[in-house]
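Please read the points below with the model open beside you. They are meant for someone meeting this structure for the first time.

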Amino acid sequence: MVSRDIEQHSELTQNLISILQDIYPEKDCSFLNKFAGDLADKAQKNLSPRDNRDRALWSASDVLLIAYPDNINCQNTSPLQSLQRFLTEHLSNIISIVHVLPFFPSTGDDGFSVQNYFEVDEKLGDWGDVGELAKHSTIMADVVLNHCSVKNAWFTGYQNGDPEYANFFCTVPDDFDLSNIVRPRSSSLKEKFLINGEESNIWCTFSGDQADLNFKNPRVLQKLIEVIFWYIEMGVRVFRLDAVAFIWKNSGTTGLSAPQAHLIVRLLRILVDYVDQGIILITETNLPVHENLSYFGNGNEAHWIYNFTLPPLSIFTLMFADATQIRKWSMGMPPAPPGTAYLNFLSSHDGIGLRPIEGVLTDHQLDQMVSQLEHNGSLFSWRNISQSEQKIYEANITLFDSLLRTPSDPNGEFKIERYLAANCIMLGFEGVPAFYLNALFATRNDVDGVSKTGSNRAINRHKWSKTELENRLKSPNNIENLVFKSLDELISIRKCQPAFHPNATQFTLQLDSCFFGIWRQSIDRCQSVFAITNVTHLEQSLGLSHLNLVFSDRWFDLISDREITNSEKALSFLPYQTYWISNE
């Protein structure tokens with residue numbers, strides 16, 4: 001190494017030592033010094049040849065797609081190749097980042113029961129297919145931190161007494177206080193396994209097939225860092241830290257968001273920033289708002305956090321034609337710290353999480369929402385909140401069906417307009433917009449999938465035949481075509497607006513409950529956009545006096561491409577119509 005590299009390597013080592021001392025205070029200095037030195041050496045070996053220090057990590061043109069590796073299938077082609085082909089033919093103009101959900105060998109949970117972190121499931125393709133995807137889009141992949149499959153070689157080595165995997169998984173001692181533990185599941189937390197010939201209670205947060213890794217053993221942290229470095233080498237640029245809030249267990253606590261979990265995210269941030277400043281970390285923390293926000297740290301933890309409150313609150317707003325709650329919440333949401341951003345979405349591979357609206361909606365409002373979701377065909381997943389009580393964790397339903405019918409529109413006359421309104425609201429928000437592939441085509445509840453798999457989550461995990469989906473997109477009257485064409489146009493408009501940069505200023509407008517509106521201003525302060533949506537099934541009128549339109553500028557609605565003039569005293573909104581009023 002040249003002298004500059006030696007200096008940077010030394011600085012990295014010291015930074016790592018400082019954090020490792022806080023994570024593992026019981027370890028002696030010699031151990032921590034060696035551990036930090038080993039991590040710094042690995043980072044140095046994985047140093048990117050590209051200089052990304054002055055390159056913006058995201059822009060107004062970034063839109064993320066969430067897709068299973070086998071979301072799109074065609075004959076005689078691997079699923080990953082089929083996905084790539086579909087993206088190239090239909091989505092290349094609107095999508096810049098692709099979150100490919102777990103593509104590793106797995107024993108369950110649609111890929112999240114990872115059997116081998118370093119391989120691609122041969123049924124899905126190979127690393128060459130992942131590399132091909134990376135040539136066309138920025139690739140985001142999951143680092144499944146909290147657990148792995150009980151068929152993983154790490155766990156079988158642990159069971160068989162291999163010293164390399166000693167103390168690699170979490171046990172539940174008899175004196176461990178579980179009374180405050182918060183979990184997203186109703187299954188048994190403790191599963192009995194034979195470990196080195198003796199029966200032991202293994203901690204299984206998510207299912208009996210997924211054993212929790214023990215991050216109190218530094219070797220576990222080291223292994224997962226090796227996984228991240230391998231993914232970087234394979235072309236991954238965005239890392240979703242799955243279930244990161246659960247990775248550190250202390251007796252008597254909730255088991256969520258321990259200080260050590262935050263420290264580990266900070267450690268990973270330091271390492272990836274050193275290796276390549278073009279890499280993005282995003283924490284998957286489906287928690288109440290304040291806990292979720294904490295993963296920004298002081299701008300030194302996650303680059304992005306999911307805006308988990310937005311999906312259920314948007315659905316509630318349009319379901320009950322009342323923007324009061326979303327306006328209050330939006331007014332209280334802080335701007336993302338410098339160098340960070342929100343990831344906004346309405347739908348993902350999971351259900352619609354209800355924990356993030358705890359404290360945002362009243363119990364009565366939540367009950368109303370759950371009742372309407374059930375009427376629209378939703379199933380529900382539950383979590384234990386005590387030994388005798390359960391609570392709904394998420395609604396299992398597609399986004400389109402969640403908005404299919406409302407109390408004021410029981411026959412779903414305005415279902416498409418309402419669906420597009422939800423997406424318009426999301427697209428206007430500060431942050432990077434993300435779309436689940438199935439939601440781009442208004443995919444309906446997959447009831448057969450639930451029957452076949454026995455999993456409620458399968459209702460929102462439909463796998464398309466490429467031929468069938470493309471046939472539906474060719475038919476002008478099919479709902480898939482109508483919705484996709486509309487979303488394509490909206491995304492294309494949004495991508496060109498500096499005021500919709502993920503970090504552009506946002507201010508929530510004080511409007512009547514029938515409207516939700518925000519004002520966005522570009523970072524250079526040249527463009528302003530007023531994004532306003534009628535959240536009701538009725539025509540509404542909004543006086544221009546409610547908006548601060550300076551008519552020395554010319555104002556246009558970006559969606560309809562018509563000019564807004566000073567002579568207009570009010571804007572007329574059709575049911576669920578959105579205006580994006582811009583001065584450029």
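The numbered points below take up the barrel, the cores, a buried arginine, a pocket and a smaller strand pair.

1. This is a predicted model, in which local features need pLDDT of at least 70 and side-chain atom pairs count only at pLDDT 80 or more, whereas totals for chains, interfaces and linings use all residues. Residues are numbered from 1 along each chain as its sequence is written, and side-chain values use heavy atoms, with hydrogens and water left out.

2. A barrel is closed by 8 strands with parallel pairing, in the order E1-E3-E4-E9-E10-E11-E12-E16. Helices (H or I, at least four residues) and strands (E, at least two) are DSSP runs numbered from the N terminus, and two strands pair if DSSP finds at least two bridges between them. Within the barrel, strand E9 (residues 236-242) runs parallel to strand E10 (residues 280-283) and is joined to it by 4 bridges; Phe239 has Leu281 in E10 as its bridge partner.

3. The largest nonpolar core (buried Ala, Val, Leu, Ile, Met, Phe, Trp, Tyr and Cys residues joined through side-chain atoms within 4.5 Å) has 181 residues, and those touching the most other members are Tyr117, Trp154, Leu213, Phe215, Leu224 and Trp304. Helix H7 (residues 259-275) gives the most to this core, namely 10 residues. A second, separate core has 16 residues, among them Leu511, Phe515, Phe530 and Leu549.

4. Is Arg355 buried or exposed? Arg355, in the loop between strand E13 (352-353) and helix H11 (363-375), counts as buried because its relative accessibility is 9%, where buried means under 20% relative accessible area, exposed over 50% and partly exposed in between (1.4 Å probe, protein chains only). Leaving out residues up to four places away in sequence, Arg355 touches (heavy atoms within 4.5 Å) residues including Glu291, Arg383 and Tyr393.

5. The largest pocket (on a 1 Å grid over the protein atoms alone, an open set of points where a 1.4 Å probe fits, with protein on both sides within 12 Å along at least five of seven lines) holds about 880 Å³ of space. Its lining, meaning residues with an atom within 4 Å of a point, comprises 39 residues, and Gly108, Asp109, Asp110, Ser455 and Arg461 lie nearest the centre. Helix H15 gives the most to this lining, with 4 residues.

6. Strand E24 (residues 570-573) has Leu571 and Phe573 on a covered face and Ala570 and Ser572 on an uncovered one. Strand E21 (residues 540-543) runs antiparallel to E24, with 4 bridges joining them, and Gly543 has Ala570 as its bridge partner in E24.

Terms used
Grid points are joined across faces, edges and corners, and a volume is the space filled by probe spheres set on the points.
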